[in-house]
Protein chains: 2
Amino acid sequence: MKKVNIKDVAKEAKVSVSTVSRVINNSAPVSGELKSRVIEAIKKLGYKPSHIARGLRSGKTKTIGFIIPDITNPFFPEIVRGVEDYLRKKDYTLILCNSDQDPKIESELVDILIDKHIDGLLFTGAGEKSEKLELAVKKGLKVVFLDRIIEGVNASYVVSDNYDGMKSLLEYLWKAGYRSFYFINGSKETFSARIRYKAFLDFVEKYRVKDYHHIFSSFSYEAGYNHTKEINRIPDVIIGGNDLIAYGVIDALEEMGLDVPDDVGVTGFDDILFSKHYKPSLTTVRQPMYEMGKKAAQMLIALIEKGVNKIKGYVLPTEVVIRNSTQ
Amino acid sequence: MKKVNIKDVAKEAKVSVSTVSRVINNSAPVSGELKSRVIEAIKKLGYKPSHIARGLRSGKTKTIGFIIPDITNPFFPEIVRGVEDYLRKKDYTLILCNSDQDPKIESELVDILIDKHIDGLLFTGAGEKSEKLELAVKKGLKVVFLDRIIEGVNASYVVSDNYDGMKSLLEYLWKAGYRSFYFINGSKETFSARIRYKAFLDFVEKYRVKDYHHIFSSFSYEAGYNHTKEINRIPDVIIGGNDLIAYGVIDALEEMGLDVPDDVGVTGFDDILFSKHYKPSLTTVRQPMYEMGKKAAQMLIALIEKGVNKIKGYVLPTEVVIRNSTQ
DNA sequence: CTGTTAGCGCTTTCAC
DNA sequence: GTGAAAGCGCTAACAG
């Protein structure tokens with residue numbers, strides 16, 4: 001049961017391979033007569049053009065790469081889903097890679113993916129600028145940064161409005177009467193952590209907040225848990241850099257005999273799947289994860305197919321979600 | 001900045017392309033003299049062989065496909081991570097596809113992936129047998145089934161010991177004094193749900209349990225929540241087909257004013273990330289997700305590279321994890 | 001409109 | 001040991 005190729009089809013339809021190619025790709029006019037003979041033959045033989053040969057010829061593989069820190073982090077699955085759903089519609093295929101935010105691995109992955117002749121790259125990386133990527137972009141690789149922007153690399157990006165989200169959250173907290181703030185943020189290297197910090201700083205200044213504290217740590221449950229255990233003077237509210245951190249904060253607080261939200265308020269960021277089921281359910285800032293993925297994929301495909309070169313950035317809106325971890 | 005190819009290297013090293021190919025692939029002896037010249041040239045030119053051309057020639061793409069229901073379901077990310085980590089080590093690349101367990105989509109995806117010339121396929125599908133897959137396997141596609149076995153398709157598989165896990169869980173519950181059981185299971189089509197049901201039936205018979213109930217629904221939070229709300233007579237313990245279902249059960253129970261575990265016990269299956277942080281923390285059966293992914297990838301690569309044809313199945317052990325949702 | 005032909009970059013006989 | 005040359009399956013000039 002040998003694989004049928006374009007030659008077989010040509011023979012069957014008694015035309016040349018170029019004619020077959022033309023009807024497949026609609027790349028040039030073909031007379032109705034021949035066209036129908038070709039279509040007939042294709043159907044009869046069950047012919048499927050080889051993506052790989054086509055790729056060799058055209059340089060296009062209809063494949064895009066996506067480098068993320070870790071699919072195991074609940075923030076990413078929805079993004080990936082948004083990406084994959086859109087790509088599927090456009091007949092593209094997704095190669096997924098986990099980098100653990102290690103710049104060295106990220107750089108290796110870029111190489112691997114370029115080797116695989118991806119048509120474009122979606123990148124959610126550590127914050128550091130990468131020469132490799134910069135170079136690749138200059139060489140014409142289409143890249144869209146997702147959730148995180150890397151300075152120095154001139155490429156399109158999709159992020160959510162971290163600044164506004166954090167600002168709105170803080171203003172809600174202020175209005176709710178919270179006056180002392182403890183912000184356990186994610187890693188300093190991460191773009192979104194830095195932006196959220198900036199919003200925090202601006203808030204503190206604008207409202208002349210006296211009693212506040214900020215610390216960069218990492219976007220994990222453990223970070224929230226451990227840092228909370230070390231807090232000397234409990235503030236009115238502890239702000240987690242993301243929901244995972246907030247979960248850790250809540251659990252630590254409970255172990256310390258403190259009630260959330262009666263004794264302390266706790267907030268997160270992201271609104272991952274479980275935040276509405278957490279006990280107490282988590283006040284947080286919703287990021288449109290699925291939309292971010294979809295939008296980024298959309299931009300990338302536009303970049304690839306329309307040859308658009310204009311660098312564009314999209315900032316998707318965030319939304320404060322008030323639940324029971326604050327009052 | 002043109003891409004350098006094997007010819008350029010050959011010219012630079014003053015040898016033939018075949019010699020270059022030989023040293024790259026170590027496919028035939030080459031004299032030390034030429035070999036070092038070639039290596040030199042490769043380094044100097046920064047040459048990287050094109051996977052795609054190689055693929056066209058050899059028919060191998062060093063790419064494997066993975067069809068899963070939905071990466072957004074917390075059960076899958078760890079599996080995917082296990083797969084990807086192993087594949088990376090072996091210089092393979094992962095194409096990820098979500099099927100939503102729709103047999104039609106699954107079948108389309110198989111086509112798409114075959115078109116892309118994957119070297120092998122990891123498949124976690126709906127329960128139904130698929131002619132397409134069966135055919136593909138017969139045509140030589142290497143397939144490993146992950147978490148779910150499809151009847152009628154003769155291929156290797158990796159699953160966890162669902163039967164033993166459920167059996168052990170039930171026996172623990174029995175010993176703990178639970179006497180009436182309500183099992184809200186996942187979807188009837190799913191392999192693991194059926195196995196767990198069988199274990200339940202065998203348990204009920206062996207221990208002559210009088211008071212029990214079983215229902216197939218779906219592996220979701222909502223399923224657990226909704227079915228619980230409809231229960232007339234509350235049993236000693238409600239068994240969720242997976243952790244998600246158990247979460248829904250717990251929340252519904254609480255809304256109904258019932259205490260877990262004081263009034264009712266609740267158990268899950270899988271031990272996903274959040275189960276240890278749920279309130280109350282969930283008694284469940286741990287499946288080695290990461291290991292399953294890794295093992296499946298390992299088997300697939302063995303199938304591909306060693307040309308092993310022996311169909312093999314692996315059943316990975318599960319483990320009852322006792323937490324605070326039972327007593 | 002249609003066919004012929006030259007590669008895309010690589011591997012692999014087949015001679016030497 | 002080494003090189004020349006024939007493709008893998010397809011697309012895109014180039015003729016006609």
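The questions and answers below concern a predicted model and take up its two chain copies, the surface near a DNA strand, a helix pair and a sheet. Local features need pLDDT of at least 70 and side-chain atom pairs count only at pLDDT 80 or more, while totals for chains, interfaces and linings use all residues. Residues are numbered from 1 along each chain as its sequence is written, and chains are lettered from A and ligands numbered from 1 in the order in which they are written.

Me: As by what kind of axis are the two copies related?
Reply: Superposed by least squares on the C-alpha atoms of residues with pLDDT of at least 70 in both, chain B falls on chain A with an RMSD of 0.2 Å after a rotation of 180 degrees and 0.1 Å of shift along the axis. The two copies are thus related as by a two-fold rotation axis.

Me: Which residue of chain B comes closest to the rotation axis?
Reply: The distance is taken at the C-alpha, and its value is 2.3 Å. The residue of chain B that comes closest to the axis is B:Ile95.

Me: Which element supplies the largest share of the side of chain B that touches chain A?
Reply: With contact meaning C-beta atoms, placed from the backbone, within 7 Å, the contact takes 31 residues from chain B and 31 residues from chain A. Helices and strands here are DSSP runs (H or I, at least four residues; E, at least two), numbered from the N terminus. The largest share of that side of chain B, six residues, comes from E2(B).

Me: Which residues come nearest to DNA strand D?
Reply: A residue is near the strand if its C-beta atom, placed from the backbone, lies within 6 Å of it. Of the 29 residues around DNA strand D, those that come nearest are A:Ile6, A:Ala53, B:Ser16, B:Ser18 and B:Ser31.

Me: How is H1(B) oriented relative to H2(B)?
Reply: Axes are lines fitted to C-alpha atoms, for helices over the stretch in contact, and angles run from 0 to 180 degrees between N-to-C directions. The helices pack at about 105 degrees, with their axes 8 Å apart. Angles under 35 degrees count as roughly parallel, over 145 as roughly antiparallel, 65 to 115 as roughly perpendicular and the rest as oblique. H1(B) is therefore, relative to H2(B), roughly perpendicular.

Me: Which are the edge strands of the sheet E7-E6-E8-E9 in chain B?
Reply: Two strands pair if DSSP finds at least two bridges between them, and this open sheet of four strands has parallel pairing. Each edge strand pairs on one side only, and the two are strand E7 (212–216) and strand E9 (265–267) of chain B.

Definitions and conventions
Two residues are in contact if their C-beta atoms, placed from the backbone, lie within 7 Å.
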